[in-house]
Every structure is written in structure tokens, then in C-alpha cells.
Amino acid sequence: MSFLILEKISKSFNGINVLNGINLEVKKSEFFSIVGPSGCGKTTLLRIIAGLEKPDTGRIILDGKEITYLEPQKRDVGIVFQNYALFPNMNVFENIAYGLKIKKFDKAVIEKKVIDILNKVQLSSKINSPVYSLSGGEQQRVSLARVIINEPKLILFDEPLSNLDYLLRIDTRAELKRLQHESEITSVYVTHDQSEALSLSDEMVVLNSGIIMQKGKPTEVYNNPANIFTAEFISHSNIFSKEESLNLLNLEINENQVTSVLQENLRFENEDSSDIVVSDIQFSGMFTEFLLKFRDKIFKSVIPYESNYDVKINDKVKLIIAKDKFKVIELN
Amino acid sequence: MKKNLFQILSLILIFYFIIGFILFPIYNLSLESFINLNNIILYLSNPNIYEAVLNSLTLSILSVIISLILGVYLAYLVHFYKIKLKSLLTSFLLIPIATPPIIGTVAFLYLVSDNGLMFKFFNNYLSFIKLNPVQGWYAILLIHLYSFYPFFFLFASASLKKLDGNITDASITLGASKFRTFFKIILPFLYPAIVSSSIIVFMASMASFSAPFIFADNSRFLTTEIYNSKINGDIQLSSFLSVILTVLSLVGLYIFTKFRNLNENTNTIKGTVRVLSELSKNKLGILNKLFLSILVLFITLPLLTLLYLSFIPEGALLRNVFNESMTLQNYTKLFSEEGIYKPFLNSFYMALITVIICLFLGTISSLTISGKKSFLNKFIEVFISLPYGIPGTVIAIMLILSFNSFNIFTFSSLIGTFLILPIAYTIRNVPVFTQSVLTGIKNFDTNLNEASYSLGASKIKTFFKITFPLLLPSIINGSLLVFINSMGEFVSTILLYTYNTRTVSIEIYSQLRMYNTGIGAVYGVLLFLIVILTVYLSRKYINERISV
Ligand SMILES: Nc1ncnc2c1ncn2[C@@H]1O[C@H](COP(=O)(O)OP(=O)(O)OP(=O)(O)O)[C@@H](O)[C@H]1O
Ligand SMILES: [Mg+2]
């Protein structure tokens, strides 16, 4: 039995559909991600789950009870916001204790819980700091602590890491995963960063223009994109049309299909009679990215770094791809 | 840097104004109030004075509290709820700020006093409801609420626009009720706005004259006592009370400013802000709808009363007006009888002269102040703005003391002349104008000037091609503000006018004294229309400028 169920959730603003019949099921203690490009309706969906926005149609069921029209205060659903949304007039302690005070916990209990949680997020020394004196990463950890301390049924994360710089993002990502795992609180995590979704999630869905494009475990979604959007957005795959498949991959598919090949599976070797030209080579540390041009189309190949490639810009190459690396996608 | 001729001339003029019309009068007032120490001892044992002090302070504090509650609550409703015709409502809510105090006061008198239209209405049509006339303190507080809540509303609304919607949502999802969110999150966020508007309202209430003057019955207030003692010829007492009033206002200002500093940093937090979209706001409940309707009535009824009475022949309050038919006779009189249109012309000319002097003096002062940071410029800034903290009644007393005979600044006596009124208005309005231009200067990018220099334009050319056009909106805005303030000025006028120099506001008041309603109402309506039109035009003009 799923812990959180969304049934046919739709929402429009000013007559523009933002969400179109979203169906989702999240299991208890699961880390569930929703990934999609900017403006696809992720925040709106989270706000509907939290009760901050009412869906036009559909139902939400949490822990066996329908909560579609329940007030946000009574849902027991916490949100971690992209911009942290800490209370500026309160210090770290007061921010974190806010929810417990509302639930009328004992002063001593509150204090103990806050100290515990601050230890967990490694901010004990900042307990009395005003929140505006904290760095972005610290603020984000306070906002996480402020939610976790209430042990809600569900935590919603709205791109919580996107305001942090790269290294901090990677660190905080790991910490987030650890905290979620320890607390076992069911989490719905929204992001536009596919690598975040892939690395964090137990289950994920891909959202585009308010429609769910694909559901599954990260590896399934990555390896078996069900449509061009997922293939490009999640795995940055190369897409070959019917004609390209035939010419370049020697693969026969019908009009309603395309072939998708992961960048790391696209290999090539020099072949002077080929129509494919190496148009650029970008070295990025561990990997090297080759842009291969065929007529007007660019294909990408990513290869672990080796010191001496025998391929140079403007060389002609042919593709070599193992048969089991082709994924044929049905167009609809 | 060497100063050029223009700067030197500016400095001379500014100092002539500061010394002659601000410091010299303040000096005279201080001198006069302590001229006879025996009298001081007498004053100090006079319970009336203590009563006046206590009443003025109580009135001001109460005014701050009630305007705070109404203004902030309204700002909250307008910000967080879906309301039909919201922008219209907002303009409506700001009407009282543009209404000259004397007009508001008289309109309320016509409405809620024992002869007022409200009574007559209930007597005629709903006689089973027994109303009590609103008088004394209640009436004064009602008028203060009417005139002052817009400050809180304006300041709080502006702050709420900067409040991150995610913060209130965070509070709600953590389980807080709307009520708790309001008191724990929103109100603290509004703290700076509330303190700023409290300062304005406190000062304005301390200085308030019209409402206590007309409604106070037996209660004494500092402003009215200053007026009364002047009329009774005890100029030392009125000076002494003026000093007390000014000192109390400034002490109040000081205390409020301390409050402001208490809470400086809290609202500055990094990160983007989620602006509340109109669509995701809550629907207004029935009680709030009712509340807003009553409020709109509260704002419009006094003005409708004026409008209605302007079409009824004189003396309407003494009759049962509702059976009478409306006529235009009051309006035709206005255009045909010299005694009736002269006050209008007087007010207009005086306002015009005030605007011209302020335009000149205020522009050179603000350019000087915004120039280099030096002791001299700081001095000018402080002393130019000083009169803003001095009640109009006190300014009038200072002028009477200073310019009633030969003096080295104006040579001859000015008291009783036409000019003394624009001078009084100018002293009060130069700070208003200067502030408006200074804000304009702060908002524009000085890089533009530098860009223009580097493109080879001369300084003069830069001033007229770049600086001046950029400052024009704030100059115009300032001028209109000064014009509005001067057209309806009553507080210092009533101490300085003569029969020949009487203004609309004086005439409105004396009509009232004679139980005449018609012409008074016509004056009120016209003055109100002029003010609203001016505000409207300035907004329109400035909006157009900004959108270009
Ligand atoms: N309250 C609202 N009123 C009007 N339009 C809205 C509202 N909330 C969202 N929208 C619109 O709905 C669409 C989806 O917005 P949403 O914030 O859910 O996207 P998102 O996927 O979270 O994007 P991002 O990654 O940029 O945060 C956008 O086009 C947005 O403009
Ligand atoms: Mg979003």
C-alpha cells in the first residue's frame, strides 16, 4: 500500500494548464524524486501536496486518509524551500523550535530536541546565531532541521540545493541522503538537475509541461528512456532518426521509432570515407567529450580520459556501437 | 575644490533662510517664553497646562495605536487576500491622506455632530434606532483615525511587497495558524514600517489643531491652548506652551527612533523572494467583506456629506434637510460674489508663491546637501529639515514674535501682510520638497553624469540634458505636495491671517461658526477636488515618466 497517492491531479492558472492529470504513488520511507525542466510545474505540484494550493481536480491520499482539501496546518507535511525561507526575526534556535512550540512541547524537551538535531546537521555552535549571519549552506541545514525536528509524515524538498555552489551542493546532497535515511521520513524531492535525482532517489518520475513522462528507478529511467524527452533530459542520449539509424548504425527501424544511444556508449574510429566529422573535442578532466557532426546534426561521445587519442578535429570517423546499446523508442 | 559663483550664491541664500527664518524665530520663541521668570512659576502651578500636556500626549498615543491597528490590518488584507477591484480600493483607502485636515474635520462635524446629517437621517427614516452624537474625544479620535491610518497602510503595504511568500508558507506548513503567523512572523517583519509610521502619526497628532479646535469642548490640548493664550494676549504663555509642545514632539521622535534602531538587521536576508501571485491568495470571508464595506462607507460618507450640503441652501444643519431640493445657488455665488471667491484666489496665490520659493530654495538646498559630505552640508541638512518637526501653531507663534516689527532680515514688519502666510508655509514645506528631491537624487545613478562628462558634455550641458530631466519627476512631485499642503493650510493660517488675506480654510471655519453650511461645503468640495486632481495628475505624470 502506497503512503502517498496522487490521483489525476490537475491545476491551471489563468486558464493555462500547469499540471495535467498527475498520478503518483510513493511508498513509506521512500526517497522519491520529481525531475523536470524549469516551469514544468514541480513547485506547483509540491504546493498542492502541502495544501498551499488547491488542485482543480484529483485527490491526494496520505497515510490512508484523503487530504485533498485539508488545511496545510493539519497535514503534517514539511517543506524545505529553495530559498530556505527562514524566519528573519528569529535566531537558529527559535527557527527550529517553531513547530514544536506550536505543538506545545515542554520547554526542556524542545531544547533537547533542538540540540540533538543541531548536532545531526553539524550546526551546534550556531544555536543562538541570527539566521542572516549564516552562510547559504548553513541556512539550508537550518531549514532542513526546522522540518525534520517535527518528524512529519512527509517532507517536500523544492530544489533545496540549487542555491549552493557546486562542491557544497555535492556535500549537502550526501548529508541530505544520510539524514533522510536515518530519519526514514518519506520524502518527495523536486529538482531540475537530473544527476541529483539519479543519485538520491529510490524512485523517480520525469515531469514535462505538467505531464509525467516516465516513472521508475533511477537506473531504469537512465538506461531505458521511454521517450525522446527522457532520453535527452535525463541521460543526454543521442537520438537517431530512421534514416540516421540505417545509415550510421545499420539498424532498420520503422517510421514511428527512433534509436537512442547513451553518450558513453557511442564509440568511433577513424574512417576516411565516412560522412561524420569530428567537429570539436572538449577535455573536462576525467572525461573527454567528442562532438561528431553528421550533416547538420551533432552527436556526442563521452570517453574516459586517455592521454593519446589518435583522433583530431576534422578527422573523419565511423561509429562503432555494440548492438545491445541501442534503445529503440516508440514515437506516439 | 573651489566653489563657483553659483554655489556661493546658493550658500548665501540658504544661510539667509536658515538664519533669518528658522534660527532667528526659534531664538525669539525661546527668549519670549522665559522672558518673565515669575510668570513661569505661575504657569508651573497651573493645572490647565498639565492637563493640556497630558491630553496631547494621550491623544497622540491613542491615535498611533488605533491607526496602527486599522492600517496594518488593512495592509494585511489587501496583501494576502483576493479582493475585487483591489487597485480601486487601494486608491480609495488613501483618500484621507490627501484630504486637508480642516476639510476632514468639518465634514465629520456636518456628519456626526448633534445637528449632523447622520442624526437627521436616523431620525427621519430609522427613528427606532437611538444614536448618540459623536463628540469630544471620540470625535477627535475618529478624525485622527481617518487621517492617520493611511500612513500605516502605505508603509506596511510597501513592506509586505518585500515579504517572501515562502516564509509565511513555511510557518503554515509547520502548523502555525494564520493568527500565529500574523503575530509571530508578519508583524515582526513589519516592525520598521510600523515604527516609521508611528513617528509620523505621533508628530502629526501632537501638532494636530483642527480636530481638537473644533471638537474639544472642555478638554485642553497644547495646540489649542497655544492658540487661546495668543488670542487672549498672553504671548509669553503661548510661547512657553509652544516650547513645551515642540520639546515633547522631539522627545517622542527621539524615543521612536531608538525603537527603530533596536531592530535594524532582522529583515535583511539573502535569497530570492517568492512574490505572492494574485491567483493563489485566499478568498475574503464574510466578516472581512463587511468590515471593508463599512470602511469604504467611513471614508466616503464625510465627503458625500460635503457634496450633498454644497447643493443645499445655507444653514442646512438647523433644518430638516432631507425634504429640500438641491440647487446650484451656492456654486453660482462662488463665481459672482467677490467676498466669496476672494479667499479662493488668496489660497491659490499663496500656494503658488510657496511653491515657487520652495522650488528654488529646495532645489539649491538638495543639490548642496547631496554634493560633498562636509560639516557645512550636514548643518544645512539638519537645519533645513528642523521645521518639519515643529508644529504649525508653533511656527506661527515664532513668526509673530520675530517679524512684528523692524528686524535685520526683512527690515519692516510682516505681520498682517499677505506675504507672512506663504513664508509660514514655506518654512514648513521646504523640508518636504527637499526630501522629495533628495530621494530622487539618491535613486538615480550618478554614473549617468559621469558617462555624460566622458562623452564630452560640459557640466552645464550635463545638468540640463541629464541631471535635470532625471530629477524632474521628483521636483514636480515635491512641488505638487507643497501646493496641496499650502492650499488647505489652516493651523498657522488661523494665527496669521487678516480679513484681507483670509484663505479658503479660514473661510470654511468661519462659515461653520456662523452655522452656514452651503458655501463652506462648496469650499470643501472644491478644495478636495483640487487636491485629488493634483495628486492624480502627479501620479499619472510620474508613472508615464517612469514607463518611458
Ligand atoms: N500562483 C501562480 N499564479 C500564476 N501562475 C503560476 C502560479 N504558480 C505557478 N504558475 C505558473 O505555472 C507554471 C509552473 O510553475 P512552477 O513554479 O510549478 O514551475 P517549476 O517547475 O517549479 O519551475 P522552476 O524550476 O523554475 O521552479 C509556470 O509557468 C508559472 O508561471
Ligand atoms: Mg519551482
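**Contacts, cavity and aromatic pairs in a predicted two-chain model**

Apart from neighbours within four places in sequence, Leu174(B) makes contact with Phe87(A), Tyr98(A), Gly99(A), Ile102(A), Arg146(A) and Asn150(A). The model is predicted. Leu174(B) is placed in the loop that runs between helix H9 (165-173) and helix H10 (178-207) of chain B. Leu174(B) counts as buried because its relative accessibility is 7%, where the cut-off for burial is under 20%.

Chain A was examined as a whole. Its secondary structure consists of nine helices and 18 strands. Along the principal axes, the C-alpha atoms of chain A fill a box of roughly 80 × 45 × 35 Å. Chain A has 332 residues, of which 52% count as buried. When contacts in chain A between residues at least 6 apart in sequence are considered, 64% of them join residues at least 24 apart.

A buried position within a helix of this chain is given by Ser245(A), which belongs to helix H9 (residues 242-249) of chain A. The relative accessible area of Ser245(A) is 0%, so the residue is buried. With neighbours within four places in sequence set aside, the contacts of Ser245(A) are Phe240(A), Asn250(A), Leu251(A), Ile253(A) and Thr259(A).

The search for internal space covered the whole structure and returned one cavity of 30 Å³ or more. The space in the largest cavity comes to about 40 Å³. The lining of the largest cavity is formed by Leu144(A), Ile148(A), Ile155(A), Phe157(A), Leu176(A), Leu179(A), Gln180(A), Ser183(A), Ile185(A) and Ser187(A). Three elements of chain A, namely helix H4 (136-148), strand S7 (154-158) and helix H5 (166-183), each contribute at least two residues to this lining. The most is given by H5(A), with four residues. Sorted by class, the lining of the largest cavity contains seven nonpolar and three polar residues, and no charged residues.

Aromatic pairs were counted over all chains, and the structure holds 42 of them. In one aromatic pair, Phe268(A) and Phe290(A) are arranged edge-to-face, with 5.1 Å centre to centre and 65 degrees between the planes. This pair links distant parts of the chain, since Phe268(A) lies in strand S13 (residues 267-270) of chain A and Phe290(A) lies in strand S15 (residues 287-294) of chain A, 22 residues apart. Phe268(A) and Phe290(A) are both buried. In chain B, one aromatic cluster is formed by Tyr73(B), Tyr76(B), Phe80(B), Tyr81(B), Phe179(B), Phe182(B), Phe183(B) and Phe291(B).

Charged side chains also lie over aromatic rings. The charged end of Lys177(A) is found over the ring of Phe31(A), at 5.6 Å from the ring centre. In chain B, Arg502(B) is placed over the face of Tyr499(B), and the distance to the ring centre is 4.0 Å.

Helix H7 (residues 117-125) of chain B was considered for burial. Its buried residues are Leu117(B), Phe119(B), Lys120(B) and Phe122(B). These buried residues of H7(B) are covered by elements that include helix H6 (101-112) and helix H14 (286-309) of chain B.

Positive phi values were noted in both chains. Lys8(A), a residue other than glycine, has a positive phi near 50 degrees. Lys8(A) is part of strand S1 (residues 4-13) of chain A. The relative accessibility of Lys8(A) is 60%, so the residue counts as exposed. In chain B, phi of Asp217(B) is likewise positive and near 50 degrees, again in a residue other than glycine. Asp217(B) occupies the loop between helix H11 (210-215) and helix H12 (222-231) of chain B. Asp217(B) is exposed because its relative accessible area is 60%, the cut-off for exposure being over 50%.

A further exposed loop residue is Lys74(A), whose relative accessible area is 55%. Lys74(A) is located in the loop between strand S5 (65-66) and strand S6 (77-80) of chain A. The C-alpha atom of Lys74(A) is separated by 9.8 Å from that of Ala50(A), a residue 24 residues apart from Lys74(A) along the chain.

Definitions and conventions
Residues numbered from 1 in each chain as written. Chains lettered and ligands numbered in written order. Predicted model: local features only at pLDDT ≥ 70, side-chain atom pairs only at ≥ 80, totals over all residues. Heavy atoms only, no water. Buried < 20%, exposed > 50% of the residue type's maximum accessible area, 1.4 Å probe, protein only. Contact = heavy atoms within 4.5 Å. 1 Å grid on protein atoms, 1.4 Å probe; cavity = no way out; pocket = protein on both sides within 12 Å on 5 of 7 lines; lining within 4 Å. Points joined across faces, edges and corners; volume = space filled by probe spheres on them. Nonpolar A, V, L, I, M, F, W, Y, C, P; charged D, E, K, R; others polar. Phe/Tyr/Trp six-rings, centres within 6.5 Å; stacked < 30°, edge-to-face > 60°. Lys NZ or Arg CZ within 6 Å of the ring centre and 35° of its normal.
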